[in-house]
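Colleague: Could you take me through the salt bridges in this one? I'd like a close look at one pair to start with, and then whatever else fits alongside.

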Amino acid sequence: MHARRWMSALVVLGALALLSMWCLQRCGTPGVGAPRREAPSTERAAAPRVPAASSPARPQTGPRIQGIVVDTLGRPVAGVRVSASEPEPGQTLSELPCPEEARLARRYPGSAPVTLDVCLGEGIPLAMQQALELLAAREGEAPVYAEATTAADGSFVLEALPEGPLSLWALGEQGAAVRSGIPAGSEGVELVLEQGRLVKGTVRGEGVPLAGAAVTVLDLDHSRFFDTTTGPDGDFRVGPLPYRPHRFFVSKEGWLPSLGRDETVTLHRPRQLTGRVVAGGAPVADIEVRVGPGADVPRGGARKTLTDARGHFTFVVPAGLPHTLSASSSQQSAVARVEPGASPAEVLLELGSALQVEGTVWDDARSPVSGARVVLIELEHMNTELETVTDAAGRYSLGPVEPGPWGFVVTAPRHIDLDLPDVKEHTHTLAPGMRPVDFTLRRAPSVTGHVTDAEGRPLAGIALDLQPAGERRRFWTEDSALTDEEGRFILDAEAPGDLYIKASDDRVRTEFFPVRAPSEGVHLTLHPGASLTGTVVDARGLPLGHGRVKLVGWAETNEQESFSSAAIDPRGGFQFQGLWPGRYRVLASQQTDGIERRAWCPVEAIEGVEVRVELRLEPERDLSGLVVDGAGQPLAGVFVRARPPQEGAPPGRWRGDTDALHGPPIGIETGPDGRFLLRYLTEAEYDVSAVKPGYTFAPARSTGGTEGEKGMLRVGAGTAEARLVMARQSFIVGRVVGPDGQPLPRVQVASLVVEGPDGAFSVPFEKPSPQWLSFHASGMASHMRLVEPRADGQDVDLGVVRLGPGIAVRGRVVDARTSAPVKGANIAIVNRLPSPTGVGVTVYSGNNSAADGSFQVAQVDPESNVLSIEAPGYQHQRVEVDATSGPLTVRLEPEPEEPEPGEPEPE
């Protein structure tokens, strides 16, 4: 049985900090690894430029792009740098193959190609090495074809551009914007400056800030590089840049380069590790040696080298970090650990000194199973790197292995696998001197065959899942496989019987085939189905890059039947393949701060036909307005957003926030003047909402529309201006102090953490009704206060709330009739006063009585708290406590027995 399904459960947590283990083999030479630059920049602002090494010759003539840069309120912005760039196909870091592609492809069979950026996310050292080499050579940077600065009216012109779509960047102190897929020759392009992200951080080397380090901020989505240099304090700053994740390539002469994404990037000086591999005292040539940071034994994906004829090897690693080295032959292993500052002149790896696990895989007829795959899983982190296949005699050997518990996965075609999720049932504790670890696999009732298209051509790489009959929607499958180059497959069932094979791939439509296990020579014929390609454009016909497209199929009754989604690429394109013929709705969504821009249309999918559609937004309009408080004063910091009404939406359309594939828009924030501008409105009506902590939106007091759904203001197409009123919530205010009258270091008041110098707090009323307010502080008794709102809506001042350490209460819980101890009774601290609903509010619950009925509860406030004691089979009891009480004896009355049917109720 193939093991694809269990591989998806493994999580490989590779941090970019692993890059510190890597260095260029040439890094002993000063300056190697620094990016080629025309001149190091000492400025800290983003400075797009065209390095000589990667910039193509600019045409002297060619099409141009004309447009305008505006802010989120639609006002032109002058002095913004606008540039046009486009990555060269096949040259970006995100398109290059991963050096560990083959290994990861085994882990995720049938998935998309494993590229370099995927391996970077996995933290694979060989991928880090390749990325650093490319970045040091300034490879993968998108050329900048033209630059301009916006005029006083926000306009710009980029001239002498190459043919084809381009990405436009707008960078200024006011914000940043990027828009992809703009054809050369376009007019009237609008770039809207968002707030952007100020990318900043610190570079340190051996514990101290590093000045003069070269920092390149990488936007891998668009292959743009932005350069700066660290100041005397080691800090750097670039931006604002469009808001998205960024990575930093950092280099400095005499230090190893590094690639990071945290705010602090650490550089290390180079250090040479040399060593020798021996077996029985004799050198071993051409054996693979691996090195990794820390104490973990390096596995697949680690840096590696081969020993020379004398058994010698050399690595250059970052100084100041511990490292572990390993070497393995087919039967023997060695491990050595090197601490910083204690490097021996030569590291000795003696084969046979490390733990090696070996054994044989048999079938249930006691015949050896050759070609079985054996995988060791380190159970603490569920991380796997040790794997091999058995030889002709069914034998395997794996190492080096650290002593301790390891899980085994053993898989072989035509056999029942020892597989996840039951790996812990196949756990063995490995230790020196252990016996061989053997396994027995049961023969499986297999289904074998081949997959072709309608013309009989074999289809390779088709994902097949064997599923129980009649349960097509189950996530669990009995086995999975990919067809080979000849379209052949083997699927292993757990037991004989009726099953389904689910066949899926982007090239064909998903189909289910009934089969019976065991079966030989099954022929599956797949059909290409229909395909749908399209573009998403604005009202002017310019592409809208990024966002999502949803495809919804429906029946004549307009009931939703199927759903799938795809990303919109930077040029506004999208694609669906392998569709069943039928009727669909295709819907596009792109999120801005205050609204989702959406377009949709019906399509008819036809077998074997590629349907092309263009989703064009309707002509857009703006809604401007003013947000004021209850007194009519402008209110800043309010987030205003709009969404179409939910009622009456056709099947498959987004219905409010819960259907947005990427979450709801956060909203447009009002400035000091309380103004806002919602752009890109296309629908007939919208429901407008406004949010600010401490305030409640009051649509009934607002103007420009009528009250809509869920307390929002509904505005129509004829509304261009709205006035939104925010009613201030009333607050519970006061000061909280300790027993000596001084503010405590940290107090939690409801969900608010108070750490101010005077202990002041201000908590809004969640509803215009009585509210419990809790006070918690370390070493103090918890306190509860029931607060009634004022009829005039003004704040409620509690004055000074004094917390004290409270008292410790000890006692025993016993049966009131037998005096036998009651074990496991829950002892809770509850507020003395009942809540408005008549139920006591629990202050603390977590103590249970011991076997002898004893209990102890600390930090009880006797003035406001009582004890609540509950135990199964007994009546609930509340007990008053005070500072003079000694040990308590709590006698619980048993629950009254229910009368048997027909018996009279006891009097």
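Modeller: Arginine 276 is partly exposed, with 25% relative accessible area. This is a predicted model, by the way. Arginine 276 pairs up with glutamate 346 in a salt bridge, and their closest N and O atoms sit 3.1 Å apart. The arginine belongs to strand β16 (residues 270-279), while glutamate 346 is in the loop between β22 (333-338) and β23 (347-350), so the bridge ties together parts 70 residues apart in sequence. Glutamate 346 is partly exposed as well, at 34%.

Now for arginine 516, whose side chain meets that of aspartate 498 in a salt bridge, 2.9 Å from N to O. Here both partners are in strands, arginine 516 in β36 (residues 508-517) and aspartate 498 in β35 (residues 497-505), so the parts tied together are 18 residues apart in sequence. Arginine 516 counts as partly exposed at 47% relative accessibility, whereas aspartate 498, at 52%, is exposed because the cut-off for that is over 50%.

Then there's arginine 675 with glutamate 721, where the closest N and O atoms are 3.0 Å apart. That salt bridge links strand β48 (residues 675-681) to strand β53 (residues 721-728), so it ties together parts 46 residues apart in sequence. Both ends are partly exposed: arginine 675 at 28% and glutamate 721 at 39%. Elsewhere, Asp453, Glu455 and Arg457 are joined into one network by salt bridges that share partners. Overall, the count comes to 22 salt bridges.

Technical notes: Residues numbered from 1 in each chain as written. Predicted model: local features only at pLDDT ≥ 70, side-chain atom pairs only at ≥ 80, totals over all residues. Heavy atoms only, no water. Salt bridge = Lys/Arg side-chain N within 4 Å of Asp/Glu carboxyl O. Helix = DSSP H or I, 4+ residues; strand = E, 2+ residues; numbered from the N terminus. Buried < 20%, exposed > 50% of the residue type's maximum accessible area, 1.4 Å probe, protein only.
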